[in-house]
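Work through the exercises below with the structure open. Try each task before you read its solution.

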Amino acid sequence: MKVFVTGVKGQLGFDVMNELKKRGHEAVGVDIEEMDITDAESVNRVIKAAAPDAVIHCAAYTAVDAAEDNEELCRKVNAAGTRAIAKVCRELDIKMMYISTDYVFNGQGTRPWEPDDKREPLNVYGQTKYEGELAIEETLEKYFTVRIAWVFGINGKNFIKTMLNLGKIRDKLTVVADQIGSPTYTYDLARLLVDMIETEKYGRYHATNEGLCSWYEFACEIFKQAGMNVTVEPVSSDQFPVKAKRPMNSRMSKDKLDENGFLRLPSWQDALARYLTKIEY
C-alpha cells in the first residue's frame, strides 16, 4: 500500500513513516517545504502526483497558547487545510486518517470521553481541530478520526524533555496535579495507526497509552525512572495561568479499539521506560 503522510518532521509523522516502511508499505512523507496545507492548489497537486492509496494527516498547528493570538493561521492549518486534503481524498476515492485531540471536548467531569460524545472545545486550538473533524465528516465516508493526547516522541519538544532539562538545573519543581490524562508514546501510537489504515474499519477512535495520571504524577515518574533527585510539588491549574484554557479531564474511552479488534497500547509507564532508553539526557 502507498501511504501519503503529512507533518513528517513532527513527533508522530516521523514515527508513522518508520512504521510504514518497517511493514513494507511505500511511504510518501511531506512537511511544509513540500506541501503547504494552507494552499489548496498545492495540496491538490502534491497528493495527486503521489497517487497514494491512503493519507495519514499528522500535520497540525499545535501551539495551544499561541493559537489564542493566531486564530486565523490556526484555522487555516487545522480546518481549511484538513478540508483541502479531504477533498482530494474524495476525488481519488482513497481513505484518510485525521489525527485529532481530546481538546474537542469541554474537559469537565471525570467520565472517560466516548468517541461520539458531544464536542464543545475550550480554546481556539480545540475549536479548529473540531472544525477539521467536521471537514472530514462532511467530505468523506472512508475516514478515521483518531483523537490522541499528551504526546511524546523522539522528534521535537515534549513534556518529558522539558522536565529532564529543568531537572538538570533545578532540584525543586511545581507541576499541576488537577489535569488527568494518559501520556502517549508516538512509537506505540504509530503502530496502532498503521494497524488501522490497513483496514476499512472507519470511524472515530481514541488512542492513548494505557493508564491515567496527572501531570504531577507524570513528572514524578519521569524523575524516578531517569534516576534524578528532583522534588516535585503538586499545584492547581489556577496557580499556573496560561493563555488557553486546558481540559481537567482528558480521560478517553478506548473500548472501540477492542470492539474492532485493534490492540491497545502498553501502559504509559512502560512506554516512558522505553522512551528514556532512546533519548539523551
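**Exercise 1.** Locate Trp150, and decide whether the residue is buried or exposed.

*Solution.* Step 1: find the loop. Trp150 sits between β5 (143-148) and β6 (151-152). Helices (H or I, at least four residues) and strands (E, at least two) are DSSP runs, numbered from the N terminus. Step 2: check the backbone. Trp150 is not a glycine, yet its phi is positive, about 50°. Step 3: check accessibility. Trp150 has a relative accessible area of 11%, so it is buried. Buried means under 20% relative accessible area, exposed over 50%, partly exposed in between (1.4 Å probe, protein chains only).

Two notes on the source apply throughout. This is a predicted model, in which local features need pLDDT of at least 70 and side-chain atom pairs count only at pLDDT 80 or more, while totals for chains, interfaces and linings use all residues. Residues are numbered from 1 along each chain as its sequence is written, and side-chain values use heavy atoms, with hydrogens and water left out.

**Exercise 2.** Do the analysis again for Ala51: which loop holds this residue?

*Solution.* Step 1: Ala51 belongs to the loop between α2 (40-50) and β3 (54-57). Step 2: its phi is positive too, about 45°, although Ala51 is not a glycine. Step 3: the relative accessibility of Ala51 is 47%, so the residue counts as partly exposed.

**Exercise 3.** Give the strand order of the open sheet and name its edges.

*Solution.* Step 1: read the order. The sheet has 6 strands, β2-β1-β3-β4-β5-β10, with parallel pairing. Two strands pair if DSSP finds at least two bridges between them. Step 2: find the edges. β2 (26-30) and β10 (203-206) each have a single partner strand, so one side of each lacks a neighbour in the sheet. Step 3: note the twist. Neighbouring strands are turned by 20° against each other on average, direction ignored. Step 4: inspect one pair. β1 (residues 2-6) runs parallel to β2 over 5 bridges. Val3 has Ala27 of β2 as its bridge partner.

**Exercise 4.** Describe the surroundings of Ser100 and of β5.

*Solution.* Step 1: Ser100 is in β4 (residues 95-101). At a relative accessible area of 2%, Ser100 is buried. Step 2: list contacts (heavy atoms within 4.5 Å). Beyond neighbours within four places in sequence, Ser100 touches Lys129, Glu133, Thr145, Val146, Arg147 and Ile148. Step 3: look at the pairing. β4 and β5 are parallel over 6 bridges, and Ser100 stands opposite Arg147. Step 4: turn to β5. Buried residues make up 6 of its 6, so β5 is largely enclosed by the rest of the structure. Tyr143, Thr145 and Arg147 point one way, and Phe144, Val146 and Ile148 the other. Step 5: add the helix. α5 (residues 124-139) lies across β4, β5 and β10, at about 160° to β4. Axes are lines fitted to C-alpha atoms, for helices over the stretch in contact, and angles run from 0 to 180 degrees between N-to-C directions.

**Exercise 5.** Find how α6 and α10 cross, and which residues make the contact.

*Solution.* Step 1: the axes of α6 (residues 159-169) and α10 (residues 268-276) come within 12 Å and cross at roughly 60°. α6 is therefore oblique to α10. Angles under 35 degrees count as roughly parallel, over 145 as roughly antiparallel, 65 to 115 as roughly perpendicular and the rest as oblique. Step 2: Ile160, Lys161 and Leu164 of α6 meet Leu272, Tyr275 and Leu276 of α10.
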